[in-house]
Amino acid sequence: MQYYDSNTVLYLNGQFIKSAETTTDLYGQSLHYGYAVFEGIRAYNTHNGTRIFKAKEHFDRLQRSAELMHIPFPFDKDELIRQTYKLLKKNNLKDAYIRPLVYSGQNMTLEAATESSIMICAWEWGAYLGNKLVKVGISSYQRPNPKSTHIEAKASGHYVNSILATTEAKKNGYDEALLLDMDNFIAEGSGANIFIEKNGKVYTPALGSILAGITRATVIKLCRTLDIECIEKQLTVEELKNADSAFFCGTAAEIIGIASVDDTTFPSVWTETLGATLQRTYKALVLEKQNYEVII
Ligand code: PMP
């Protein structure tokens, strides 16, 4: 896929420049060591105009990720949100995926960065895992041990683990990987959180070994609004395979139902699950079709 053309502009340290004219420093610490933090955000073409969904939450997490990784974050988040709206306008984007990246410059040492840059780019991107139910394989790769890194930070280097897991899953005929944590509890997908449904309640892995997804938090709040009991706890593979249904959620993937995990197919018809109700409600929320924001 082509992410930009000769007319595309991106935001770099306070300026808009043509994506095709940008350069990368091949002596950059971020490039060599995966030492950078980023976000994945969506903008939707709503009846109120183009709206960036949960902009504040995403830029707050970007700052928190940078702080955890000791990468300077001298940026004004409200200004970044304003500039992101400008970026969408300049690129004529209404429905878009937005990618801010905070990275460090020339430095081959393993010492924390003393300066950083921010770039924000955007492109049109359909649902990351498609619109059909996905076939999931449990990965032989675990999520990084939370004692080896700050797993709650959205750090570039963590995504080598995600690339290994998706590559393995696709090679084995699955659409997506599901990774366990170091204690073999269910953690998350390579780029999405997981929920399961059992006997009219939904469950999702507790925080600790996963990225605290903004979509996950939204789903938990939607459950409250819809009077669906939602329990955050450690979940075993057995509990997952005995579930009635399951779904992934994330900014890029939105909410997408899971057909099967390994050889186990979930018994419920997707359209009749709580996941499908949450999927419809989430879509209405991001498109501002109903004013759930006043409630959640
Ligand atoms: N887990 C991982 C590993 C991810 O990369 C993502 C995508 N950012 C998520 C979960 C979902 O997070 P969010 O809902 O904030 O996009």
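Which backbone N or O atom lies 2.7 Å from an oxygen atom of the ligand? I looked this up as my opening entry, keeping in mind that the model is predicted, and found that the atom belongs to isoleucine 214.

**Entry: the ligand and its polar contacts**

I then went through the side chains that reach the ligand. For threonine 251, I noted a polar side-chain atom at 2.6 Å from an oxygen atom of the ligand, and for lysine 154 I noted a side-chain N or O atom at 2.8 Å from a nitrogen atom of the ligand. I also looked up the area: the ligand taken alone exposes 380 Å², and the protein buries 96% of that.

**Entry: the shell around the ligand**

I counted 15 residues surrounding the ligand, and the closest are Tyr159, Glu188, Ile214, Thr215 and Thr251. When I sorted the shell by residue character, I got four nonpolar, seven polar and four charged residues.

**Entry: strand E11 and its partners**

I turned next to strand E11, which covers residues 193–198, and saw that five of its six residues are buried, so the strand is largely enclosed by the rest of the structure. I followed its pairing to strand E14 (residues 245–250), where the two strands run antiparallel and are joined by five bridges. I then followed E11 to strand E12 (residues 201–204), where the sense is again antiparallel and three bridges make the connection.

Which residues stand opposite glutamate 197 in these strands? I found serine 245 opposite glutamate 197 in E14, while in E12 the bridge partner of glutamate 197 is valine 202. I also checked the hairpin of E11 and E12, which has two residues between the strands, and there I noted that asparagine 199 takes a positive phi near 50°.

**Entry: positive phi elsewhere**

I kept in mind that most residues other than glycine have a negative phi, and I looked up further exceptions. Lysine 54 has a positive phi of about 55° although it is not a glycine, and I placed lysine 54 in the loop between strand E5 (49–52) and helix H2 (55–68).

Is lysine 54 buried or exposed? I read a relative accessibility of 10% for lysine 54, and because buried means under 20%, lysine 54 counts as buried.

For glutamate 288, I noted a positive phi near 55°, again in a residue other than glycine, and I located glutamate 288 in the segment after helix H7 (274–286).

Key. Residues are numbered from 1 along each chain as its sequence is written. This is a predicted model: local features need pLDDT of at least 70, side-chain atom pairs count only at pLDDT 80 or more; totals for chains, interfaces and linings use all residues. Side-chain values use heavy atoms; hydrogens and water are left out. A residue is near a molecule or strand if one of its heavy atoms lies within 4 Å of it. A polar contact is a pair of N or O atoms within 3.5 Å; within protein, one must be able to donate a hydrogen and the other to accept it, and residues adjacent in sequence count only if both atoms are side-chain atoms. Accessible areas come from the Shrake-Rupley method with a 1.4 Å probe; for residues, only the protein chains shown count as cover. Ala, Val, Leu, Ile, Met, Phe, Trp, Tyr, Cys and Pro count as nonpolar, Asp, Glu, Lys and Arg as charged, and the others, Gly among them, as polar. Buried means under 20% relative accessible area, exposed over 50%, partly exposed in between (1.4 Å probe, protein chains only). Helices (H or I, at least four residues) and strands (E, at least two) are DSSP runs, numbered from the N terminus. Two strands pair if DSSP finds at least two bridges between them.
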